[in-house]
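Thank you all for making time this morning. I would like to walk you through one model, going from helix packing to a sheet and then to a few individual residues.

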Amino acid sequence: MEAPQNLTGAELVKQGAEARVFKTTFFGSPAVLKQRFPKRYRHPVLDERLTQRRTVQEVRAILRCRRAGILAPVVYFVDYTSHSIFLEEVLGSTSVRDHIASFPHSDCLDLEVLVQRMGCVLAKMHDEDVIHGDLTTSNMLVRLRREEGPDLDLILIDFGLSYISPLPEDKAVDLYVLEKAFLSTHPNTETLFKKLLESYSVSSKKSSAVLKKLDEVRLRGRKKSMLG
């Protein structure tokens, strides 16, 4: 896969269904370029509108999170013509997925601290009415800190499916997607995820309605699985 036109030295690191992600630099700073590409099966006018809207929604969600004090990559530049977003590369970090996998057992204090932080950050995000849309442990980064303050930073990334919604149902689905991904990626971690939700509950001003909806979403999911 070639680098985007007029962007020499860019290295493709990931290609998903919606976009390609490149490692590059932005005025000398390490950066990530996310570039959405056309969907040939869609009408060109419809494709352009959808791609434009998703790019706007992604940037809006990141900026809203950052304004609320939630760690997310800095947005350096947005080119709405090519549907490209230049983002900060979060150096010195690893995915939460890899971080959890590095522990031989799930019942350790470090992981409890991590999931409590996750619950707190997600509660704060939902209180800002930001729906991530693709919550997995691969879309969260952990960066250990040595200076005074918290032992670790939790950074949310990949807001490609995000949108703004005040509805408890949408927030519950966000948590359900994470629960399914968490438990399938990290077996025997039900207790850890329960602690995540406990942290979410005490950290969010609106958690009661969201967690009630989460129970309903789980029930629908079980019924769907039974019916095939």
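Let me begin with a convention that I will need in a moment: a crossing is called right-handed if the near helix is turned clockwise from the far one by less than a right angle, and left-handed if it is turned anticlockwise. Please also keep in mind that what you see is a predicted model.

With that convention in hand, look at helix 3, which covers residues 109-127, and helix 5, which covers residues 190-203. Helix 3 passes helix 5 in a right-handed crossing. Their axes lie 7 Å apart and the packing angle is about 40 degrees, and the two helices are therefore oblique to each other. On the helix 3 side the contact includes Leu-111, Val-115, Gln-116, Met-118, Gly-119 and Leu-122, while Leu-192, Lys-195, Leu-196, Ser-199, Tyr-200 and Ser-203 take part from helix 5. Sorted by class, the residues of this contact comprise nine nonpolar, five polar and three charged.

Helix 5 also has a second partner, helix 4, which spans residues 168-185. How do these two run with respect to each other? Their axes come within 10 Å and cross at roughly 155 degrees, and since angles over 145 degrees count as roughly antiparallel, helix 4 is roughly antiparallel to helix 5. This crossing, too, is right-handed. Helix 4 contributes Lys-171, Leu-175, Leu-178, Glu-179, Phe-182 and Leu-183, and these meet Glu-190, Leu-192, Phe-193, Leu-196, Leu-197 and Tyr-200 in helix 5. The classes here are nine nonpolar and three charged residues, with no polar ones.

One residue of helix 5 deserves a closer look, namely Phe-193. Is Phe-193 buried or exposed? Its relative accessibility is 2%, so it counts as buried. If we set aside the neighbours within four places in sequence, Phe-193 is in contact with Leu-175, Leu-178, Glu-179, Phe-182 and Leu-183, and those five appear on the helix 4 side of the contact with helix 5. As for helix 3, where Gln-116 is one of the residues that meet helix 5, the C-alpha atoms of Phe-193 and Gln-116 are 9.2 Å apart, although 77 residues separate the two in sequence.

Turning now to the sheet, we find three strands in an open arrangement, in the order 6-8-9, with antiparallel pairing. Strand 6, at 94-95, and strand 9, at 152-156, are the edge strands, each pairing on one side only. Strand 8, residues 140-144, is joined to strand 9 by five bridges, and in this pairing Val-142 stands opposite Leu-154 of strand 9. Helix 3 comes back into the picture here, as it lies across strand 8 and strand 9 and runs at about 45 degrees to strand 9.

Finally, I would like to point out two loop residues with unusual backbone angles for you to inspect. Asp-129, in the loop between helix 3 and strand 7, has a positive phi of about 65 degrees although it is not a glycine. Asp-158, in the loop between strand 9 and strand 10, likewise has a positive phi, near 55 degrees. What is the relative accessible area of Asp-158? It is 26%, which makes Asp-158 partly exposed, whereas Asp-129, at 16% relative accessibility, counts as buried.

Terms used: Residues are numbered from 1 along each chain as its sequence is written. This is a predicted model: local features need pLDDT of at least 70, side-chain atom pairs count only at pLDDT 80 or more; totals for chains, interfaces and linings use all residues. Side-chain values use heavy atoms; hydrogens and water are left out. Axes are lines fitted to C-alpha atoms, for helices over the stretch in contact, and angles run from 0 to 180 degrees between N-to-C directions. Helices (H or I, at least four residues) and strands (E, at least two) are DSSP runs, numbered from the N terminus. Angles under 35 degrees count as roughly parallel, over 145 as roughly antiparallel, 65 to 115 as roughly perpendicular and the rest as oblique. Contact means heavy atoms within 4.5 Å. Ala, Val, Leu, Ile, Met, Phe, Trp, Tyr, Cys and Pro count as nonpolar, Asp, Glu, Lys and Arg as charged, and the others, Gly among them, as polar. Two strands pair if DSSP finds at least two bridges between them. Buried means under 20% relative accessible area, exposed over 50%, partly exposed in between (1.4 Å probe, protein chains only).
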